[in-house]
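Let's take a walk through this one, following the charged side chains and then the way two helices pack. Keep the viewer open as you read.

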Amino acid sequence: MNTTFESEASLKKTYWNTVIHSVVTFMGQSMMQIVDLFFCGTLGSQASGTVGTSCSLYAWFMIIGIGLVLSLEYWIPHSLGEKDEVKANSFFYAGIAVSLFVSAFSTLGFWIVTQHTNLLGVNPAIQSTVQSFSHIIAISYFPVFLIPTLRVELQARGFPRDTTDAFILGNILNVFLNWALIRGHWGFPALGLDGCAWANLLSRFAILFYLLSRVKKVRAKLTIPVHWKKIDYSHFIRKILHMGLPTSFHMLFEMGAFILVGMLAAHLSPSQNAAHTITITLASFMFMIPLGMGSAAALTLSKLNGQKRYPLAVKYGKYTIRLGLLYASMGSLLLILFRVPIFRVYSNDPETIRIGTSLLFIAALFQLGDTSQVILAGCLRGFGKTKIQAVINAIGHWGIGLPLGIFLGHYLNWQIRGYWIGLSTGLFSVALGLYYFWTKAIQEKPLLHGSIQSAVEFSSRE
């Protein structure tokens, strides 16, 4: 049986390829928002606040669908690890179906909600611009949900670079379209803030079409054992929901805490709202690196568990955690040392810079907690354990972090700084909880599923 597995030297190369390209892919996603903020920042604090508020509303509908899609990081590579092409292809087609459904649902729901921003307590100064911006980006849910499905299929089959290429091209297009459409360069119409929305929308569809062409080319070389029309969709969609819904709730509790703070920031002054928007965008960009590591860990560990190479799955999980902590330490130091010049790139408003640099200091401190929790979540997903993540995130963010943030921000009048201290506390609480259950998972796995053969294989390759 061992001869059918790739050697550990080959496995290391595959792992690093997956890590690097996953990180670049997730950074590419975040870079699009950073580019949007950069161009919109030239239009003033209200424009930055509009983008931040619109993205906060947008994210509420994105969470459930993304959680479902992330379950494919377990199902597709695990099926391929078991050498079960029928199951792998069935999960791919079922994933496409789920992505299309949640795209349509989210587009409609987001459009309806943004018709009534006055009921959400959005600052009256930006209500009209939030509506206009949001109605343009609403259709982008289709590429947002389909792209991760195509990414998992390509990465699980050994083509991680395709998504990297797609996001590099998409970001180049996004920069050009923002430059052209906001101010009206090269004969394009000057659309102002709406030009930013169109740039984002068109760039995401360009990424989608590129990945569709790559998936079609890769799958043309495969012997597809099951036609898409003959799949038992109800069975495989239930599997996706069974694992994906806990992941969705995990993300709902985690991202929902940040989104709620974003909505609370919309009630504050434009300077505080802009400072929050810029800081959360920068923190999100740094978060993309450990998020990519966690995604790579989920793919790698799931495939190894499918092959019943459990000791190797544990080894690569621990390695990814250590790698993430090293990154977090370096990232925190850089944010602390350069927070003032970094923030001045995005704003020329002295009050926004003053508030923002203090927020960026807090963001630097929570890097260790944030990095640890997202990588641990990926490792647990690679072991098929997603339910406990939802529970831990509910307790950490909504039971500890948010109550503390609201107490400090609202009742002690620390405003946006108080909310951010609460967010940081929640992240560290979640990291500690997930680490406890990760240690339990790696202790239980050899007892429940291990074999002498896999242990001997692991030892001989060390």
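Bear in mind that this is a predicted model. Searching the whole structure turns up 9 salt bridges, and a few of them make a good way in.

Start with Glu-73. Arg-151 makes a salt bridge with Glu-73, and the closest N and O atoms sit 2.8 Å apart. In sequence these two are 78 residues apart, with Arg-151 in helix H6 and Glu-73 in helix H3 (residues 72-81), so the pair links distant parts of the chain. Glu-73 also forms a salt bridge with Arg-381, where the closest N and O atoms are 2.7 Å apart. Here the link runs between helix H13 (residues 367-382), home of Arg-381, and helix H3, home of Glu-73, with 308 residues separating the two.

How buried is Glu-73 in terms of relative accessible area? The value is 0%, and Glu-73 counts as buried because the cut-off is under 20%. Arg-381 has a relative accessible area of 7%, so Arg-381 is buried by that cut-off too. Arg-151 is also buried, as is its partner Glu-73.

For another setting, look at Glu-82 and Lys-87, whose side chains meet in a salt bridge with an N to O distance of 3.2 Å. Glu-82 is partly exposed because its relative accessible area is 34%, which lies between the 20% and 50% cut-offs. Lys-87, at 26%, falls in that range as well and is therefore partly exposed. Elsewhere, Glu-85, Glu-153, Arg-157 and Arg-219 are joined into one network by salt bridges that share partners.

Now go back to H6 and see how this helix packs. Two packed helices are described by the angle between their axes and the distance between the axes. For helix H6 (residues 141-156) and helix H10 (residues 270-306), the angle is about 50° and the axes are 11 Å apart. That angle makes H6 oblique to H10, because it falls outside the ranges for roughly parallel (under 35 degrees) and roughly perpendicular (65 to 115). The crossing of H6 past H10 is right-handed.

Which residues meet where H6 packs on H10? On the H6 side they are Arg-151, Val-152, Gln-155 and Ala-156, and on the H10 side Ser-295, Leu-299 and Lys-303. Sorted by class, this contact has 3 nonpolar, 2 polar and 2 charged residues. Arg-151 thus turns up twice on this tour: in the contact with H10, and in the salt bridge with Glu-73.

Conventions
Residues numbered from 1 in each chain as written. Predicted model: local features only at pLDDT ≥ 70, side-chain atom pairs only at ≥ 80, totals over all residues. Heavy atoms only, no water. Axes fitted to C-alpha atoms, helices over the stretch in contact; angles between N-to-C directions. Helix = DSSP H or I, 4+ residues; strand = E, 2+ residues; numbered from the N terminus. Parallel < 35°, antiparallel > 145°, perpendicular 65-115°, else oblique. Left-handed = near helix turned anticlockwise from the far one by under 90°. Contact = heavy atoms within 4.5 Å. Nonpolar A, V, L, I, M, F, W, Y, C, P; charged D, E, K, R; others polar. Salt bridge = Lys/Arg side-chain N within 4 Å of Asp/Glu carboxyl O. Buried < 20%, exposed > 50% of the residue type's maximum accessible area, 1.4 Å probe, protein only.
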